[in-house]
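Open the model in your viewer and keep the selection panel at hand. A short tour follows, one selection at a time.

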Amino acid sequence: MSIEKVVLAKPRGFCAGVVRAIDIVERALDYYPPPIYVFHEIVHNRYVVENLSKRNVVFVDSIEEIPDGSVCVFSAHGVSPQVVELAETKRLRVIDATCPLVTKVHLEAVRFSRDGYSMVLIGHPGHEEVEGTMGEAPMQLVSSVEDVEELEVPNAQRVMYLTQTTLSLDDVAEIIEALKRKFPSATSPAKDDICYATQNRQNAVKEMSQRVDVLLVVGSQNSSNSQRLREVSVVAGTPAYLVNDEDEINPEWLKGARTVGVTAGASAPEELVIRVLDHLRSMGATEFEEQPGEDENVHFALPQELSNPEKLMA
Ligand code: SF4
């Protein structure tokens, strides 16, 4: 038995925050003399980062590594106020590529902490977005129901929870339930902060998992939303594998599969999806179909200094 059909998820791949972040670096390359420094990977995708590295973009994980006075782009995942301060002391010319949906969570953290809430963040320890958000206000991080069971807060009568934008909808629902059980006062500014792109891609995978024998998720290992797509499929009963590109596809995974699903995380370029489809064609797939899904029409404006090149050059 060999592969007959490939079903492509819709939506998949780049979200509005990633498009904006990459656009910001491209424009910075056009307008400023090289090199351009980027604090952390601009988005979590190996291919994107390697391509920009070849064009005089230098990725660093510490602001101290950047020479004073250089141009520095903050990645889509956002940074803490401490990083902003450090950049100021080094007189860096900062261009902020933080996704506006991450900024929204930062602003919520500041506002509700000022209002006296005990803040809880649902997220993954060590993720850059989590580090940035946690720098905004005193808060505690939980990533599982077990964490909630052990959680102590300063004011149990006033608990506000926020969420990392790229989590699994189902996992978060369980954690929120546990929080509300333990702290009946627990509330949040919105149902959760999981962004539209994460939700739409997970919903598409859930639907698709009923139709395919195996799912390939195009994305990098450190991409949170790509990892969640793989997990959503596995939980729904369909084996799924995360690959950077076609070279990482293990033929063993596809043995016995008639229908293969393909999706891509929010930071994975469509170019890589096409390469994966070509590879599946070379393995015998003849039928290709895009599953009907949500149309996305979300666009984020560029930071003001980049939409006005004259000001930029000043
Ligand atoms: S995944 Fe969501 S929060 Fe992250 S950059 Fe994309 S739109 Fe923004």
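The stops below are a helix, the residue just after it, and one strand residue, all in a predicted model.

**Stop 1: the helix.** Select residues 100–114, helix α4. How far apart are its end C-alpha atoms? They are 21 Å apart. At 1.5 Å a residue, its 15 residues should span 21 Å, so the model agrees with expectation.

**Stop 2: its buried side.** Now show side chains for Val102, Val105, His106, Glu108, Ala109 and Phe112. These are the buried residues of α4. They lie on the same side of the helix, because they cover an arc of only 160° around the axis. An α-helix has 3.6 residues a turn, so residues three or four places apart point the same way.

**Stop 3: the other side.** Turn the helix over and pick Leu107 and Arg114. Buried or exposed? Both are exposed.

**Stop 4: the cover.** Go back to the buried residues of α4 and add what covers them. The cover includes β6, α5 (128–134), β7 (139–142) and β8 (159–163).

**Stop 5: just past the helix.** Select Gly116, just after α4. Its phi is positive, about 90°.

**Stop 6: strand β6.** Select residues 118–122, then centre on Ile122. Ile122 is buried, with a relative accessible area of 1%. Which residues does Ile122 touch, beyond those up to four places away in sequence? Among them are Leu141 and Val142. Tyr161, Leu162 and Thr163 also touch Ile122. Further contacts include Gln164, Leu167, Val172, Ile175, Ile176 and Leu179.

**Last stop: a long reach.** Draw a C-alpha to C-alpha distance from Ile122 to Glu50. The two are 72 residues apart in sequence and 31 Å apart in space.

Notes:
Residues numbered from 1 in each chain as written. Predicted model: local features only at pLDDT ≥ 70, side-chain atom pairs only at ≥ 80, totals over all residues. Heavy atoms only, no water. Helix = DSSP H or I, 4+ residues; strand = E, 2+ residues; numbered from the N terminus. Buried < 20%, exposed > 50% of the residue type's maximum accessible area, 1.4 Å probe, protein only. Contact = heavy atoms within 4.5 Å. Expected span 1.5 Å × (residues − 1). Arc of directions from axis to C-beta.
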